[in-house]
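This report looks at the overall build of one protein chain and then at a few of its charged side-chain pairs.

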Amino acid sequence: MIAPLRNIIVCLDHTNMDQGLIENACTLSKIAGTTQITFLNIIKDFNLPDTVIKEFPDLLDKALEERRNEIHGLIEKHFKCDIQTKIDVRQGGETKEILKAANDFKSDLIILGRKKVSDSVLSTRIARRSPCNLLVIPEGSKLKFDKIFIPVDFSDYSSLSLKRTLLLTKDLKSKIYLQNVYNVPSSYRYSGKTYEEFAEIMKGHGNKDLEILIKKAEVQSQELLPVTTLDENGKVIDLIIDTASKKKVDMIVMGAKGRTATSAIFIGSKSERMIRINDSIPLMIIRKKGAVAGILETLKDL
């Protein structure tokens with residue numbers, strides 16, 4: 001059973017992206033069944049000698065309070081939703097504190113911003129270990145849900161992505177593209193078929209599997225549209241981004257997978273590459289419910 005995104009954490013970074021993140025959190029909360037949003041900010045460069053801290057013991061407390069007041073002002077100005085909000089300002093390492101907050105609040109979703117010029121290190125680290133779903137919003141993006149793109153490999157993870165998307169858009173007339181990327185195995189030569197003939201066979205199987213998936217889906221007002229794409233160069237993620245960009249979609253939704261059920265959480269290589277190279281389309285990484293065992297061990301490692 002897919003639950004609504006009731007508890008959301010929005011990671012503010014004290015830059016000009018904060019306004020957009022606050023506004024986008026409001027937009028998402030209106031359709032996601034959200035009941036509480038925590039606006040989280042990490043002061044990470046507060047390194048002072050012990051002697052200075054001893055001389056000025058309230059220095060950190062004053063810095064945290066000042067940051068809370070700044071965030072409160074931004075929320076008052078830009079958050080136009082009637083949903084309970086909370087401000088949490090912490091000092092420490094970004095990755096560790098974000099993961100701790102997600103664990104503390106039993107969050108359903110973490111929202112991160114991504115600068116246009118970015119190495120995406122923080123997003124990748126959080127995605128690898130997050131105990132919940134993750135939404136990465138590129139700088140300047142405004143969340144919409146008219147067109148959503150889901151890469152499909154017919155695994156439990158892509159099925160989960162579709163279910164989450166259908167729940168999120170249940171009251172909307174969204175177009176949801178389901179893309180299956182297929183390739184031609186090198187062993188095709190032993191079939192007696194040409195490369196082109198075998199490619200058509202693989203495409204046909206992909207189309208049939210998409211038809212079955214669409215028939216089983218609990219669609220309400222949405223429209224599901226199948227897309228099959230041949231990968232000739234082993235660059236699946238590049239093909240996904242290229243196709244999604246051409247269709248001018250508003251969001252890409254991908255499933256993540258845990259390394260094991262009892263260890264720290266990691267994502268697949270395709271999802272990780274998507275986070276690294278996609279800098280223009282909001283990306284939601286869907287985490288399998290219950291795959292959070294090991295989060296405390298992960299925090300210890302960090």
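## Surface, fold and salt bridges

The chain exposes about 15800 Å², of which carbon and sulfur atoms supply 49%. The model is a predicted one, and its chain holds ten helices and ten strands. Of the 302 residues in the chain, 47% are buried. Among the contacts with a separation of 6 or more, 78% are between residues 24 or more positions apart.

A search of the whole structure finds 14 salt bridges, including the three pairs listed here.

| Pair | Closest N to O distance |
|---|---|
| D58 and K62 | 3.4 Å |
| E65 and R68 | 3.1 Å |
| E272 and R276 | 3.7 Å |

In the pair formed by D58 and K62, the aspartate D58 is partly exposed at a relative accessible area of 35%, whereas K62 counts as exposed at 54% relative accessibility, because the cut-off for exposed is over 50%.

Both E65 and R68 belong to helix 3 (residues 59-78), where they lie three residues apart, about one turn of the helix. R68 counts as partly exposed, with 28% relative accessibility, and E65 likewise counts as partly exposed, with 38%.

E272 and R276 both sit in helix 9 (residues 269-277), four residues apart, which is again about one turn of the helix. Here E272 is buried, with a relative accessible area of 15%, while R276 is partly exposed, with a relative accessible area of 40%. Elsewhere in the chain, D88, R90, E97 and D104 are joined into one network by salt bridges that share partners.

Key:
Residues numbered from 1 in each chain as written. Predicted model: local features only at pLDDT ≥ 70, side-chain atom pairs only at ≥ 80, totals over all residues. Heavy atoms only, no water. Helix = DSSP H or I, 4+ residues; strand = E, 2+ residues; numbered from the N terminus. Buried < 20%, exposed > 50% of the residue type's maximum accessible area, 1.4 Å probe, protein only. Contact = heavy atoms within 4.5 Å. Areas by Shrake-Rupley, 256 points an atom, 1.4 Å probe, with all protein chains shown as cover. Salt bridge = Lys/Arg side-chain N within 4 Å of Asp/Glu carboxyl O.
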